[in-house]
Amino acid sequence: MQPRFNQLYNDETLDSRQLNLTTGGQVVPAGTSHRTNATNGTFRSADVTLDYRRTWSRHEGRELTANAVYTPLLADNQVGSTIVAVDNAVQLQQQRTINHTTQGTAQLDYVHPLTEKSRFELGARSSLRQYDLDYRFSSTPALPYDPSNRFIYKQYVQAAYGIYANALGKLNYQLGLRGEQTNLSGQQLATNARPVPHHYFDLFPSAVLAYELPHDQRVQLSYSKRIQRPDAGELNPFTDRSDQFNLVTGNPNLLPEYVHSVELGDQLTFAGGRSLSATAFYRLETNTAQGFRQVIYDSLSRRQVTSTTRQNLGQETSYGLELVGASPLTEFWKVNVTASTFRRLIRGSSGGVPINTASQVYTTRLNNTFTLTKQLGAQLALNYRSPINTAQGTRSANFNVDFAARYNVLGDRGTITLRVADIFNTLHFNSTAYGDAFATDQRFKRESRIAFLGFAYRFGQNQAARPTKNKNDQEDAGGGFE
């Protein structure tokens, strides 16, 4: 059993300004607000796990594993807000969100070698997630409406998979198929609305072909299909009025996204621990879900505002190239560089409004690993992503530097860790959006320069971690489960 308890304290300032363009092209102020939020909260959770493993001494590689995980979670966050409007009128608000979540997963995996190079794997997985999201709101002076609401969400996923792997000379191949039944429903109690159920069955195929070449070179071609489901907050149909000029409403009819991915990669290994790999990729995402903003008349506040709802807009296509290189520079300093560029296209429509955006995106990550002594190690990571298109605009470029260090004590049974995120406080989340009768320039900076200090102590005998079987990338990929 692994319990967790965290406390949260956070302050933020939000400034909002609306401008109207008249028929003569003149800019007329429509409304401004200055908002300060003070947040405090608690987060409690625990993992209760049960594991089983069996092997057969007369049949090397044959293995049966089973595990179950139960995770209850309780989060309680309170936000006190002071809002100053353009006429200097002051409004005080109190918001409290109680999130009671229960998650449980049971999984069974079986591996059966057929020959020295061939095997098949079978498995089944059952997962349950239940969310009880209770949002309570009060205001002075009182609002003409009550945004308090409670949303109950349940998701059940039953899945089974099979994998067959073999080799013909230097050619290795693996074929996988997973079937999955999803049942989910969400009910908004504040409006007494009927639950919106979703039931769907999907098949997720996968395939990998790998060919070993001379001089430690490997070429691999792979295909997989994945699913990305909407979460409880995206499905909640209630309107979030935290920002009175920019409303956000969930969409109970939101469908999952499906991603088809094809990759062709070449990997080279050199002497001295150096390596280089190049991967060309193509990804097609159907039922692409993104936030879509439009101007509406809000009958409660009696003003024009923007309203954003996440919708299935169409499809997204990405294709590009990724390079990964690793090399030691000195006895104590090793670098790992990842760089990629890809073309991103979003095509679709919403309410008859066509969507057609594209951008060339560049990303880079430089990770430096320092082994200073046997007890002391450190990492310094630099991350960059160029501007990227959205359905209605652009998210700006991002750059940040992270640092981490560890020091082993007490005969290597104890470890002191220090991690500092966004050392130079450069991480921000700016964006632009354009549409019929509106243009938005959003500049958002949250507290990202944060230091974490931790200590861990290991009881009992140190055991080497058992190798993880590679059953593709993740639960939502074709084939097996991680």
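Tyr407 is partly exposed in this predicted model, because its relative accessible area of 40% lies between the 20% and 50% cut-offs. Look for Tyr407 in strand β20, which spans residues 398-409.

Tyr407 also belongs to a nonpolar patch on the surface, where it is joined by Leu410, Ile416, Leu418, Leu453, Phe455, Tyr457 and Phe459. Together these residues have about 890 Å² of accessible area. Which elements give two or more residues to the patch? They are β21 (414-421) and β24 (450-457). The biggest share comes from β24, with three residues.

Now for two buried spots. Asp47 sits in strand β2 (residues 27-56), and it counts as buried because its relative accessibility is 18%, under the 20% cut-off. Leaving out residues up to four places away in sequence, Asp47 touches Met1, Gln2, Arg4, Tyr70 and Thr71. With Thr71 there is a polar contact, side chain to side chain.

Ser386 is in the loop between β17 (376-385) and β18 (388-389). Is Ser386 buried or exposed? Buried, because its relative accessibility is just 5%. Again skipping residues up to four places away in sequence, Ser386 is in touch with Gln360, Val361, Tyr362 and Ala397. As for Thr341, 45 residues apart from Ser386 along the chain, the two C-alpha atoms are separated by 9.6 Å.

Here are the side-chain distances for both buried residues:

| Side chain of | Partner | Distance |
|---|---|---|
| Asp47 | side chain of Thr71 | 2.7 Å |
| Ser386 | backbone nitrogen of Tyr362 | 2.8 Å |

Key:
Residues numbered from 1 in each chain as written. Predicted model: local features only at pLDDT ≥ 70, side-chain atom pairs only at ≥ 80, totals over all residues. Heavy atoms only, no water. Helix = DSSP H or I, 4+ residues; strand = E, 2+ residues; numbered from the N terminus. Buried < 20%, exposed > 50% of the residue type's maximum accessible area, 1.4 Å probe, protein only. Polar contact = N/O pair within 3.5 Å; in protein donor to acceptor, adjacent residues only side chain to side chain. Contact = heavy atoms within 4.5 Å. Patch = residues over 30% accessible without salt bridge, like charges linked within 9 Å, V, L, I, M, F, W, Y side chains within 5 Å. Areas by Shrake-Rupley, 256 points an atom, 1.4 Å probe, with all protein chains shown as cover. Salt bridge = Lys/Arg side-chain N within 4 Å of Asp/Glu carboxyl O.
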